[in-house]
Amino acid sequence: MNTVTIRTVLLAIELGSFSAAGAQLGVPASTISRRVKELEAELGRRLVVRSGRGVRPAQEAHETLLKLRGAILALDDCYAPGSAMTRLRVTAPLEMTISLLPKAIPRFQKRFPETVVELLGDDRLLGLIESDFDLAIRTGVINDPNLIGKQLTTSSFVLVSSPTLVNTITSPQRLSSTPIIEFFGISSGVAGHWEGTPFDVNPPVLARLTTFTAALPCLFAGLAYAKMPPHLVQEFIDSGELAKIPQAKLNDVPVHALYPKRHRNKAIIRAFVEETETLLNL
């Protein structure tokens with residue numbers, strides 16, 4: 001019996017919605033529905049009742065669901081606090097897993113040499129327990145009562161495109177009507193101050209990409225503008241291939257470390273978070 005499937009079903013019942021469970025796990029509602037059907041087929045009984053208002057536990061499944069929840073809690077409790085942890089599975093934005101987080105591994109493994117670090121570049125807001133992750137690094141404001149969050153730093157961004165396109169963007173209204181390239185894991189829209197006056201716009205989206213560097217060909221061609229980390233575009237600004245929109249100063253974006261409240265070994269997670277925080281604030 002797959003524990004991920006059990007956790008998914010229990011989450012859907014807790015939230016009362018396949019869509020809400022899917023949003024928390026970063027998967028379509030159809031995936032939640034499929035997992036429910038798989039568990040129902042395996043157990044040979046109906047577990048949830050579907051209606052226009054969402055889902056609720058089937059009355060005849062009350063005892064079964066209690067046993068399933070008890071089994072998951074018992075499994076989690078098998079891990080004694082401070083017990084050896086042989087794997088730390090971390091999910092973070094793709095470029096961070098390439099350029100930053102690998103630098104944290106040597107210092108971390110001096111403290112915990114028995115623990116293998118697994119890094120996965122993924123910008124979805126995953127349900128960590130259900131998706132078998134120990135730690136997530138995410139940008140933006142994230143509220144989840146099942147997670148412990150620690151702000152590590154803030155990220156700054158600049159708006160850039162080709163000099164030709166930048167010259168046409170002379171007001172927040174033009175910013176709002178000009179296409180933008182967005183990135184998974186970065187909040188949509190553009191907010192900040194235009195020559196000291198607050199603005200918050202939602203431009204039409206030309207493309208949504210997984211990495212900042214993937215946006216460069218479209219930016220060079222002047223097809224759209226994008227929110228980019230300054231260190232990735234400075235050389236192109238210096239060469240004249242790109243230009244900043246100088247009137248727009250964007251709001252800083254918080255970067256958080258997130259991990260489940262019931263995690264069996266918070267000490268190891270905190271150690272990796274500490275190393276990551278140090279790198280981010282150098």
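Colleague: Which residue follows H1, and is its phi positive or negative?
Modeller: Gly16 follows H1, and its phi is positive, near 75 degrees. Helices here are DSSP runs of H or I with at least four residues, strands are runs of E with at least two, and both are numbered from the N terminus.

Colleague: Any ground rules before we go on?
Modeller: This is a predicted model, where local features need pLDDT of at least 70, side-chain atom pairs count only at pLDDT 80 or more, and totals for chains, interfaces and linings use all residues. Residues are numbered from 1 along each chain as its sequence is written, and side-chain values use heavy atoms, with hydrogens and water left out.

Colleague: Back to H1. What span should its 13 residues have?
Modeller: They should span 18 Å, and the end C-alpha atoms of H1 (residues 3–15) are 18 Å apart, which agrees. The expected span is 1.5 Å times one less than the number of residues.

Colleague: Which residues of H1 are buried?
Modeller: Thr5, Ile6, Arg7, Thr8, Val9, Leu10, Leu11, Ala12 and Ile13. Buried means under 20% relative accessible area, exposed over 50%, and partly exposed in between, with a 1.4 Å probe and protein chains only.

Colleague: Switching to pockets. How much space lies in the largest pocket?
Modeller: About 670 Å³. Of its 30 lining residues, Met96, Ser155, Phe212, Pro229 and His231 are the closest to the centre.

Colleague: How is a pocket defined?
Modeller: On a 1 Å grid over the protein atoms alone, a pocket is an open set of points where a 1.4 Å probe fits, with protein on both sides within 12 Å along at least five of seven lines; lining residues have an atom within 4 Å of a point. Points join across faces, edges and corners, and the volume is the space filled by probe spheres set on them.

Colleague: Which element gives the most to that lining?
Modeller: H5, with five residues. The elements giving two or more are H5 (94–99), S6 (147–155), H10 (230–239) and H11 (266–280).

Colleague: What is the lining like by class?
Modeller: It has 16 nonpolar, eleven polar and three charged residues. Ala, Val, Leu, Ile, Met, Phe, Trp, Tyr, Cys and Pro count as nonpolar, Asp, Glu, Lys and Arg as charged, and the others, Gly among them, as polar.

Colleague: How many salt bridges does a search of the whole structure find?
Modeller: Eleven. The cut-off is a side-chain nitrogen of Lys or Arg within 4 Å of a carboxyl oxygen of Asp or Glu. One of them joins Glu275 and Arg111, with the closest N and O atoms 3.2 Å apart.

Colleague: Where do Glu275 and Arg111 lie?
Modeller: Glu275 is in H11 and Arg111 in H6 (residues 104–111), so the pair ties together parts 164 residues apart in sequence. Glu275 is buried at 6% relative accessibility, whereas Arg111 is partly exposed at 40%. Arg107, Arg111, Glu274 and Glu275 are linked in a network of salt bridges.

Colleague: And how far apart in H3 are Glu38 and Arg34?
Modeller: They are four residues apart in H3 (residues 29–43), about one helical turn. Their side chains meet in a salt bridge at 2.9 Å, N to O.

Colleague: Last one. What is the strand order in the open sheet of five strands?
Modeller: S11-S8-S12-S7-S13, with mixed pairing. S11 (205–209) and S13 (243–244) stand at the edges, each with a single partner strand, so one side of each has no neighbour in the sheet. S7 (residues 158–161) and S13 pair in the antiparallel sense over two bridges; pairing needs at least two bridges found by DSSP. Ser161 stands opposite Ala243 in S13.
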